[in-house]
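Work through the following exercises with the sequence and the model in view, and try each task before you read its solution.

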Amino acid sequence: MSARTARTRLLAAAALTAVTLTLTACSSADGTHDEGAATVSPPVSSTASDSSPTTGGTSTEAGQVDAKDSTGSTGSTGSTGSSGTTGSTGASGSTGSTGSTGSNASQPASDSDYVRSPCSPASTRTTATVVSRPLNHLLLTVTNTGSKDCDLVDYPALRFGDAQSVPPVVEESQPQAVVTLAPGESGYASVLLSMADGSGSSGYTAKTLAVYFNVKSPSAAHPALPAKGVYVDSSVSVSYWQSDMGDALAW
């Protein structure tokens, strides 16, 4: 081999080596670029994940779905804040308007709220008088000697002598209203002592009389009877209290 030929081969080998190194470098540079693209892709995926809740899109990753759901449940917690509308229950404070009921206190009491006092022997004077007309009748008169009005309620309950029962009332004699006596005024009731035709039975002479102003009265008045007493039989009866003497004697 000549020296020229050897030199030519050496140059050719050097050139081949240079080309090989160049190709290797290029190959390495391309590989580095690919790795860089792989590195960038995760942020892009993350950005897509972040945009999912914004767009309302559903992520395909279960973990991300759970994250969105948990965020939604937190939002529902915010809705419990709307339960603050129960604060509108404070409107029930308007129930305080029922305080307007207190305005009723300024209104005058109705007649039904006014309670009169029943007449009692302590503030009245009672008399028992035998009348000529009608026959065999006794007139009871109660006069208010007190300083306030009082009521004669229903009819008197009478006890003649030692009698164990009280005379029945004549129902037809019931007046339209309770008899109210102002100071100085009088009320009346009549007593049929016996039948004029003698049809009554079990007659007796009574010399004392106890007058209870009604069947519930706790105490009685004791008007005087004539000295000889009065004759009473089984036909004895009494009228309701009347404001007029004539109305009482009609029974």
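**Exercise 1.** Find which residue of S10 is the bridge partner of leucine 192, and then work out how the strands of the sheet are ordered.

*Solution.* Begin with the pair itself: leucine 192 has serine 237 as its bridge partner in S10. Strands here are DSSP runs of E with at least two residues, helices are runs of H or I with at least four residues, and both are numbered from the N terminus. Next, widen the view to the two strands: S6, residues 186-192, pairs with S10 in the antiparallel sense over two bridges, and two strands count as paired if DSSP finds at least two bridges between them. Finally, place this pair in the open sheet, where four strands follow the order S1-S2-S6-S10 with antiparallel pairing. Its edge strands are S1 (124-131) and S10 (237-238), each of which pairs on one side only.

The model is predicted, so that local features need pLDDT of at least 70 and side-chain atom pairs count only at pLDDT 80 or more, while totals for chains, interfaces and linings use all residues. Residues are numbered from 1 along each chain as its sequence is written, and side-chain values use heavy atoms, with hydrogens and water left out.

**Exercise 2.** Decide whether threonine 143 is buried or exposed, and list what it touches.

*Solution.* First locate threonine 143, which lies in strand S2 (residues 137-144). Then take its relative accessible area, which is 11%; buried means under 20%, exposed over 50% and partly exposed in between, with a 1.4 Å probe and protein chains only. Threonine 143 is therefore buried. Leaving aside residues up to four places away in sequence, threonine 143 touches Ser123, Thr124, Arg125, Gly184, Glu185 and Ser186, where a contact means heavy atoms within 4.5 Å.

**Exercise 3.** Describe the surroundings of serine 173, starting from where its place is in the chain.

*Solution.* Serine 173 sits in the loop between strand S4 (157-160) and strand S5 (179-181). With a relative accessible area of 3%, serine 173 is buried. Not counting residues up to four places away in sequence, serine 173 touches Ser239, Tyr240, Gln242 and Trp251. As a last step, compare sequence with space: serine 173 and tyrosine 155 are 18 residues apart in sequence, and their C-alpha atoms are 9.7 Å apart.

**Exercise 4.** State how many helices and strands the protein has, and what share of its residues is buried.

*Solution.* The protein has three helices and 10 strands, running from the N terminus as α-α-β-β-β-β-β-β-β-β-β-β-α. Of its 251 residues, 25% count as buried.
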